[in-house]
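Biologist: I would like a close look at a single part of this model, with the reasoning spelled out. Could you take the sheet and follow what surrounds it?

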Amino acid sequence: MAKTDVFDSDPTAIAKAKELKREMKKLLMNIEEEDGLSVQTIDQLQEALSSFKQATMRKMAKSSSLEMLETVSCPDEFRCPLSNELMRDPVVLASGQTYDKLFIQKWLSSGNRTCPKTQQVLPHTALTPNLLIRDMISKWCKTVGLETTTYQTSLVDEEKAVTRSDREIFNSLLCKLSSSNLQDQKSAAKELRRLTKKGTEFRALFGESSEGINRLVNPLLLHGTSLNEDEQLQEDVITTLLNVSIHDDSNKKLVCENHNVIPLLIDALRRGTVATRCNAAATVFTLSALDSNKALIGKSGILKPLIDLLEEGNPLAIKDVAAAIFTLCIAHENRSRAVKDGAVRVLGKKISDGLYVDELLAILAMLVTHWKAVEELGELGGVTWLLRITRESECKRNKENAIVILHTICFSDRTKWKEIKEEESSYGTITRLAREGTSRAQRKANGILDRLRKAMNLTHTA
C-alpha cells in the first residue's frame, strides 16, 4: 500500500490513524480465522473504516483551507499586532488597540503592563471582545472561501501559541546548527537554550518531529572529543534538551528515543562543566518521569556516571543526581543495576557522614529489596547508623525509610538481631516508632518487634 502523507504533520492525527489501522488489522485477522463471518465483526470493520475516512477527509479539508490562507492576502486590520496572524478571538485592550486574545494574554502574563503597539501604560488589564472585528473577519473568511473553524483551530494551538514567526526563527536556528561554522552553531545553541527556557512555543516546535532533536545534537556529534574547547556549546545543547523534555510526555518520549541523546547525556555527566553535569542529571530525571523511558535509560549504563557524580559530592549537583537515580530505580530492573554499579557503598558513606540524608535514604530504602544491598549494608556497618537515624532524626520520613531498611535487614540477616535488640533495650527506639511513626513506619517497627520476640522465645525454649 502506498504511504499517504495526510497525517504526516499532525502528531495527534498520526496516533489516531495508527490506532484505527491497528483496529482494522485486528478485525481482518479475525475475519481470516473465523469459519463463519459474524455480523458484529462486519459492523466493527465498517465503523473503523468510516472513522478512518472521516479523519482523512477532515485532514484534507484542513490542509486545503490552510493552503488557501497562505495564498490569500489578509487585511492588516484583521492581523494581531503581536503575532502578525489572522485574529481568531479579537479583544480590545484598555489602550483601545485590538489584539488576538491568546497573544495579548501571553503578553500580560509575562508581567507587561503597557500596550505593545502604543507603549501606553495600562490603567487596567481587562479585555473586551471586539465583536465588530470578529464579525468582519468571519465575513471575510466566507468571501475568500476559508472555513473559520479551520483557521481557528489550526493556525495557533491554545497551549503552544506557535506563530509563523516562531517557526521561521526556529527553522533559521536549526539551519545555523547544521552549519559547518562553529560560531554559528554556538550562537544558535545559545539562542535555542534561551527561547526554550522563556516559553512553551519552541519546546512545542521541537516536539513536532525527531528532526529538530537530530539537528540540535548534531554539533556535539561532529566535535566529539574536541569538545573540551567548546564546553559552552555542550552546556547549551544539554540544557536545551532539558527544556524541551520538560514540555510534555510526548517530548520526553521523542527525546529519549533519539539514539544519540542518552550517549551524549552520559558523556556530559562524565566530562562536562559543573552546570552541564547538573543539567544532564536533571534531564535524566525529567525523561525518567515517563515509565517507558525508565528501562530504556537504565539499560544504557547511565547509572554508573550518575553514581560517580554522586560520590564526587558537588553540592550543586547532588539533588539533581539523587532525583535522577531515585526516579530510575522506581523500575525494579534498574535497582539491580544500581547495586551492581556501587550505589550502596556510595549512599552508605554519604548517609553515615550525615550528608544529604533525606534524598539518599529514600534511594537506599528502594535498593534494599535486592539481596546484595543487604549484604553490603552489613559489611558497611549500616545497622549502627540506621538505628541512630531512627533514634535521633526529627524527620518522620527519614525515620520511616531507616526502619524500612532495618526491617529488611532484620528478616534477611539474623546476625544483626543482637545489635537491634541492644538498641531496643537501651533506648526503646523501635517501640517508640511503633507508637509514634508514620503508618508505614509503625508496621515495619511492629514487624521487627515481633521477630525479636519470636527469636527470644526460641532461645528460651532451646
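Modeller: What follows is a walk through the sheet, the helix beside it, a pocket, the loops around the strands and, at the end, one glutamate elsewhere in the chain. The model is predicted, and the description should be read with that in mind.

The sheet is open and consists of three strands in the order β2-β1-β3, paired in antiparallel fashion. Because β2, at residues 98-100, and β3, at residues 128-129, each have a single partner strand, they stand at the edges of the sheet, and one side of each is left without a neighbour there. Between β1, which covers residues 90-92, and β2 there are three bridges, and these two strands run antiparallel. Within this pairing, valine 92 is found opposite threonine 98 of β2. Packed on the sheet is helix α3, residues 101-109, which touches both β1 and β2, and whose direction makes an angle of about 95° with that of β2.

Helix α3 also leads to the second largest pocket, since α3, α6 (164-177), α7 (182-198) and α8 (201-206) each supply at least two residues of its lining. The volume of this pocket is about 580 Å³, and 19 residues line it, with Phe103, Lys106, Asp166, Lys198 and Glu201 lying nearest its centre. The largest share of that lining, four residues, is contributed by α7.

The loops around the strands hold two residues whose backbone deserves a check. Asparagine 84, in the loop between α2 (39-71) and β1, has a phi near 60°, a positive value in a residue other than glycine. Glutamine 119, in the loop between α3 and β3, likewise has a positive phi, near 65°, and is not a glycine either. As background, most residues other than glycine have a negative phi.

Apart from the sheet, one further residue may be of interest for its side-chain environment. Glutamate 400 belongs to helix α22, which spans residues 396-412. With a relative accessible area of 5%, glutamate 400 is classed as buried, because the cut-off for that class is under 20%. Its side chain makes a polar contact, at 2.7 Å, with the side chain of threonine 438. When neighbours within four places in sequence are left aside, glutamate 400 is in contact with Thr438, Arg440 and Ala441, so that Thr438 appears both in this list of contacts and as the polar partner.

Note on methods
Residues numbered from 1 in each chain as written. Predicted model: local features only at pLDDT ≥ 70, side-chain atom pairs only at ≥ 80, totals over all residues. Heavy atoms only, no water. Pairing = 2+ DSSP bridges. Contact = heavy atoms within 4.5 Å. Axes fitted to C-alpha atoms, helices over the stretch in contact; angles between N-to-C directions. Buried < 20%, exposed > 50% of the residue type's maximum accessible area, 1.4 Å probe, protein only. Polar contact = N/O pair within 3.5 Å; in protein donor to acceptor, adjacent residues only side chain to side chain. 1 Å grid on protein atoms, 1.4 Å probe; cavity = no way out; pocket = protein on both sides within 12 Å on 5 of 7 lines; lining within 4 Å. Points joined across faces, edges and corners; volume = space filled by probe spheres on them.
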